[in-house]
Amino acid sequence: MSGNVQLLSDTLAAARSEGRAALIAYLPAGFPTVAGGVEAVKAALDGGADVVEVGLPHSDPVLDGPVIQTADDIALRGGVRIADVMRTVREAHEATGKPILVMTYWNPIDRYGVESFTAELAEAGGAGCILPDLPVQESALWREHADKHGLATVFVVAPSSKDARLAEITAVGSGFVYAASLMGVTGTRESVGAQAEDLVRRTRATTDTPVCVGLGVSNAAQAAEVARFADGVIVGSAFVKRMLDAPDDAAGLEGVRALAADLAKGVRGQA
């Protein structure tokens, strides 16, 4: 069965045709429970997200700040497994018809087996994978299987990336390019900053693949700011924080849905 890389590309193209950036939400699988995580992903999509990244909880998430680390810890202590990540992708995609990616560090895939992981992700209806710590020069095996199964390979670029390095990364990535808005870990910020706009400009000089910006966006005003120059706006910690701060699961889901609706207005310039 082929994955949904084309659905991802079509979704990003549709947003562009509407003269706006796409809204991409991040939520970890298994948080607060496996079933609750599925509902959270659906709430984000129902609220207005175009795409969701499902995080595969990791014990040492080097890119993630304290909010996502807390959620990952809850998921891991709850016994989340890769099968639960696949379930989250499958049920959210079946319920909404929207593209769902997995964001994961390389070690769990390497241990699980690249062929098994890509085949199962495609079978679940997944659109691809974001791999923040997989070096491009070591990615041939992954890309071979991802291409075979119709999955996007999304690499992360940073403000420190030199132009030659950007070209090397974008030459082999697919789906979109994840542009980290700043040096550091995920989390909400007061300002997303000029570094992100410069990084998008330099990345676009190397590729026609959409460039989506993450790290630091937490409200509609920031989403609108980033949407001026990026093809997509990625929001993670703000969604997770809504759930962590909620008095109960139902309130958490409503918080996710409301935040998605607010951010959706931001990427449409209606904030």
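User: Is C129 buried or exposed, and at what relative accessible area?

Analyst: This is a predicted model, where local features need pLDDT of at least 70, side-chain atom pairs count only at pLDDT 80 or more, and totals for chains, interfaces and linings use all residues. Residues are numbered from 1 along each chain as its sequence is written, and side-chain values use heavy atoms, with hydrogens and water left out. Buried means under 20% relative accessible area, exposed over 50%, partly exposed in between (1.4 Å probe, protein chains only). C129 is buried, at a relative accessible area of 0%.

User: How many disulfides does the structure hold?

Analyst: A disulfide is counted when two cysteine sulfur atoms lie within 2.5 Å. The structure's total is zero.

User: Why is C212 not bonded to C129?

Analyst: A disulfide is a covalent bond between the sulfur atoms of two cysteines. C212 is buried, with a relative accessible area of 0%. Its closest cysteine sulfur is in C129, too far for a bond because the distance is 16 Å.

User: Which residues does W142 touch?

Analyst: W142 is among the residues with the most contacts inside the largest nonpolar core, which has 87 residues. Such a core is a set of buried Ala, Val, Leu, Ile, Met, Phe, Trp, Tyr and Cys residues joined through side-chain atoms within 4.5 Å. Contact means heavy atoms within 4.5 Å. Not counting residues up to four places away in sequence, W142 touches W106, I109, V114, F117, T118, C129, L131, L134 and T153.

User: Which helix gives the largest share of the largest nonpolar core?

Analyst: Helices (H or I, at least four residues) and strands (E, at least two) are DSSP runs, numbered from the N terminus. The largest share is seven residues, and it comes from helix α12 (residues 249–267).

User: How many residues of α2 are buried?

Analyst: Helix α2 covers residues 34–47. The buried ones include V34, V38, V41 and L45. Their cover includes β1 (22–28), β2 (51–55), α4 (82–96), β3 (100–103), α11 (237–245) and α12. The helix is mostly covered, with the buried count at ten of 14.

User: What follows α2, and what is its phi?

Analyst: The residue after α2 is G48. Its phi is positive, near 140°.

User: Is R202 buried or exposed?

Analyst: R202 sits in helix α9 (residues 194–204). Not counting residues up to four places away in sequence, R202 touches A158, P159, S161, K162, D163 and L166. Its relative accessible area is 13%, so R202 is buried.

Definitions and conventions
The expected span of a helix is 1.5 Å times one less than its number of residues.
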